[in-house]
Amino acid sequence: MGLSEEELLAAAEELLAEEPQLPSPAERARLREAAGITQTRLAAALKTTTQTIKNWENGRSEPRSPRLEAYQRILSGWAVKHPAHGTPIAAPTPAPTPQSQLPPPQTPLPQMPPPLSGPVAPDPQAEPLMPKPAPAAASTPQHQPVSEPSARRLTPPRLPVGEKTAPAVLDPRFPGGPLAVLDGDGTAYGVGGIVLECPATTIVELVEWTLARSGIGAAKLHRYGTDSDPLIVLTAAAAAKFGLPERLEDRRGLRLPQDHPVVKQVMKAKWQLTQRGFGPWPRIYRKARGRDRQCVQLAILPWDALDSRSWPGVDEAEMAPADIARVLGVYAQRVITPRGSTAVSGLELMTALRPPTKPVREEESGDWTRGHHAGSLGTDPLPPAPPEARPEHPVVVRTGWTGGFVNEEAYQWIRDIDLLTGEEAALPYAVGLDLNTAFLASTARLMVGLSEPDHFTRPKFYPKVTGSWLVDLSHIDLDPRLPSPFTPTGRRPTGPAWYQTHTVAYAQELGYNVDILEAYLRRETGAYLDPWHDRLKTAYARTLADLGVTPDLTDAAFLAAMEVHKQVDPAMAAVLAAIKATVKGGIGKLFEGPQGTGYKDGEEWPAMKRPTWAPWIRNAIISKTRVNMHRKLANMAKFTGMYPLAVLSDCVVYPAASASPLDFLPYAESGKPIPGAFRLGPTPGRAKLEGVQPMTWAVDLMEQGYNPARHIKGDGHDAVMDEGE
C-alpha cells in the first residue's frame, strides 16, 4: 500500500539532502594546491587537525557541520579563481537578505483585502503578505506597515554601548518572521520592525489570515523535523475584539468552556483544538494538506500566557506590543518559537532538535515509510525502571515495588553550626557565588539511556554504563565541613540506596570501593541532549553579549558588567531570563507528575505518555551537576582552605574577609584562575557573584535552620518569611 503525499515528499527531500555537497576528494586537494594553501594552514583556519584535512582529501572521512559549510565556502571560492578546465563548481546558496536590506520592489506588493465578513477558507495559491516599504511620512495611512513602527507604539531598542545588533535574517518562505503580537486596532507587530495589517474580526478569520496571508512561520530546526507553526500573541485589546473574556473563570482547568461562543465558532468552521482546549496557549489546527501543516499557535497575554517569573517585565503594563514582539522574536530565533510556557518550549526544543522519526525505504516493497531516528527517544514512551518512577506510577503500584527510589536532587545543605570556627564567624562577609546555567553545562556530552531498562543482580560497576545502581555508600567518611556528594541534603547516607551512574562513579573516583547489589541498565545510549545544549548555550552567550557581558572581559570587568547588565536593555534581560527558565523547566518536565485533585495512585497521567517523559535523563543531569559542585567545593578547600556555609542547588555561600570574590578565589602567580575550583565568567558552569551579606546575618539564619544561599541575593530582611518559596 502506498504512502501519503507528505511521506513521499519527505522521502524525496531525504534523497535531495543526501546529494554530494562537496567536490570529489581529489578535486578538494587540487583546489587547495591551486590556491597555494598548505593542509596545515587550512586545518588552522577550520580549527581542526592536519590529519583531518588529509582524510577529507583522500576520501577517508567527510566534514560535518559547522565545518562542512565553512569548508564548502572555501572550496567554492577557490573554484571560481581556479576552475578545472574553465568550469567552476557551484557556489553555495547565499544567506537570505534581511527584509530591511531588500531593494525596493519593482512591482506593487499584494495589498490586504477589506475586512472579511465571515469565515473564508484560506487560498493555498495566495501570496503571503510581505512587509510593505514605508512611503513618505505625509502620505502614511493609519495602519500602513512601515519599516519601523511609530515612536508612540515602539520604544527604540536599547543596545549595549559600542554594540550593533544586525537585523534579523528571515527565511524567504516566512517573510513575516516567526511570530507577531496583534493589537486591538489590527496592527500585527513582528520581528525586526515588521508591521502587518490584520483585518480579522473573529478567531477563525485570524487563523485563516495567519496561514494564508501573513507569511508568518519558521523553518524546522532539523532535517527530519517540521517547520514551526506561526505564533500570534493577542494583547488585551485584541482578545476583547475577538470576544474573549478579560480573564479565565476556570482557574483550575485554565480554559474556556466548550459552550463558549468562540469555541463553538472554531468547531463550526471545522477547526480543532488540542487537549489543552482554549486556554492561555490554544493551538488551532486542521489535518495537514500534503507537506503543509495547518496549525496556528495563539498566546493570550491577559490570561497570563507569559509567566512573569520566566518573562520579567514582558507584559502590557511595561512594554508596548512592538517591544513584546522584539523579546519573543529574539527568543524564537535563538531558541524556538514559544509553544507554551518556557518549560513546554524547553521540552519541545528537545524533540525539534532530535525528531523521533525519519523517512526509511523498505527493501522488499521499495516504499517509503517512517522509521526510528537513531539517537532520539522515539515515538512511544519508554518505561522507567521501578526505582526511577514515582510512588504513584502504575509500574510501582502494579508490581507492589518496595525497593526504594532514586533520589537524585539538587543540593539543599547547611553546614552544622557547631562546625563553624571562631575565625570564620569573625569574618565580616558572607559571599554567594552562583554557577551560570549549571544544569545546562551538565548536559554537554551527557550519555543517557535510549532504550528500556534491563535488570541485573550483583553486576560489576562500569562508570560508562548509564543506569540506576543499588549500592551502600554509607561507609564513605568525608569532611563534614563539606556536603556529602551522595545525598541532596548533604548528609551522609545511612544505608543502601539507588544512585545514578555519575554519583557512583564519583565515589569510585574518590578512591572508595563500590559493591553493587542491583542495577537497572540501558543497553542503548546516546548524547541525546547535545544539540539542545549547544543551541541553548549559544543563545545564552549571544544574549549576554547583547547586554555587554562577553567572554573576553577580565574577571573584574565581568563582575562590573554583571552588576548593570539587566539595566543595559530590559528587553534582552527578559530574553536571558526566559532562556534560563527554558533550561530548568525543560529538565523538570522530564519527570512531570500528575496534576489535579482527582488523580488516584496507579492511574496513568498525560505527562507520562510523552516520549520525553524520561526521569532517568533528569537523574543523570542532576547527579552530574551535584557531583561537579562537590568537586569544585573540594578543590576550593584544597586550594584556599575555605569551606562553605551553605549550598542551594547551584549557589554556594562562603565566609570571607572581602566582599569581592576576586580576593578569595584561587589564582596562579600568572594571574590566571586555577582550574578545578570556582572560576568567574559568563559561560555555562562558570561562576558569578550572587550576593553579599554581613556574616552575622548568615550565622543568624544558620542558627534558625534557614539556608543563607536561598536569600543571599535579597536585602536580607525577609529571609525567614521567604523560606521555601
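What share of the 725 residues of the protein count as buried? The answer is 49%, where buried means under 20% relative accessible area, exposed over 50%, and partly exposed in between, with a 1.4 Å probe and protein chains only.

The structure is a predicted model, in which local features need pLDDT of at least 70 and side-chain atom pairs count only at pLDDT 80 or more, while totals for chains, interfaces and linings use all residues. Residues are numbered from 1 along each chain as its sequence is written, and side-chain values use heavy atoms, with hydrogens and water left out.

**Overall composition and confidence**

The protein contains 21 helices and 20 strands. Helices (H or I, at least four residues) and strands (E, at least two) are DSSP runs, numbered from the N terminus. Contact means heavy atoms within 4.5 Å. Among contacts between residues at least 6 apart in sequence, 70% join residues at least 24 apart.

The predictor's confidence in each residue, from 0 to 100, is called pLDDT. Its mean over the protein is 85, and 84% of the residues reach 70 or more. Over residues 16-20 the pLDDT stays under 50, and the model has 2 contacts for them beyond four places in sequence. Residues 716-725 also have a pLDDT below 50, with 16 contacts in the model beyond near neighbours in sequence. Where pLDDT is low, the predicted coordinates should not be read in detail.

**The sheet of five strands**

One open sheet has 5 strands in the order E10-E18-E19-E11-E20, with antiparallel pairing. Two strands pair if DSSP finds at least two bridges between them. Strand E10 (412-414) and E20 stand at the edges with a single partner strand each, so one side of each has no neighbour in the sheet. From one strand to the next, the twist averages 20°. Such angles run from 0 to 180 degrees between N-to-C directions, and axes are lines fitted to C-alpha atoms, for helices over the stretch in contact.

Strand E11 (residues 429-435) is mostly covered, with 6 of its 7 residues buried. It is joined to strand E19 (residues 651-656) by 6 bridges in the antiparallel sense, and to strand E20 (residues 687-694) by 7 bridges, also antiparallel. Some residue pairs that stand opposite each other are listed below, together with one pair from the second sheet.

| Residue | Partner | Partner strand |
|---|---|---|
| Ala430 | Pro655 | E19 |
| Val431 | Tyr654 | E19 |
| Gly432 | Gly691 | E20 |
| His455 | Tyr520 | E16 |

In a regular strand the side chains alternate between the two faces of the sheet.

Ala430 of this sheet stands opposite Pro655 in E19. Helix H19 (residues 695-703) packs on the sheet, touching E10, E11, E19 and E20, and its direction makes about 85° with that of E20. The buried residues of H19 are Met695, Trp697, Ala698, Val699, Leu701 and Met702. Just after H19, Gly705 takes a positive phi of about 85°.

**The sheet of four strands**

A second open sheet has 4 strands in the order E13-E16-E14-E15, again with antiparallel pairing. Its edge strands are E13 (453-457) and E15 (496-500), each of which pairs on one side only. On average, neighbouring strands of this sheet are turned by 20° against each other, direction ignored. Strand E13 is joined to strand E16 (residues 516-522) by 5 bridges, and the two run antiparallel. Helix H14 (residues 501-509) packs on the sheet and touches strand E14 (467-472), E15 and E16; its direction makes about 110° with that of E15.

Where does Ile516 lie? Its place is in strand E16. At 2% relative accessibility, Ile516 counts as buried. Leaving aside neighbours within four places in sequence, its contacts are Arg458, Pro459, Phe461, Trp469, Leu470, Val471 and Val504. Ile516 and Trp469 are 47 residues apart in sequence, while their C-alpha atoms are 6.6 Å apart in space.

**A pair of helices**

Two packed helices are described by the angle between their axes and the distance between the axes. The axes of helix H9 (residues 321-334) and helix H15 (residues 530-546) come within 9 Å and cross at roughly 140°. That angle makes H9 oblique to H15, since angles under 35 degrees count as roughly parallel, over 145 as roughly antiparallel, 65 to 115 as roughly perpendicular and the rest as oblique. In this contact, Ala332, Gln333 and Arg334 of H9 meet Arg535, Ala539, Arg542, Thr543 and Asp546 of H15. By class, the contact has 2 nonpolar, 2 polar and 4 charged residues. Here Ala, Val, Leu, Ile, Met, Phe, Trp, Tyr, Cys and Pro count as nonpolar, Asp, Glu, Lys and Arg as charged, and the others, Gly among them, as polar.
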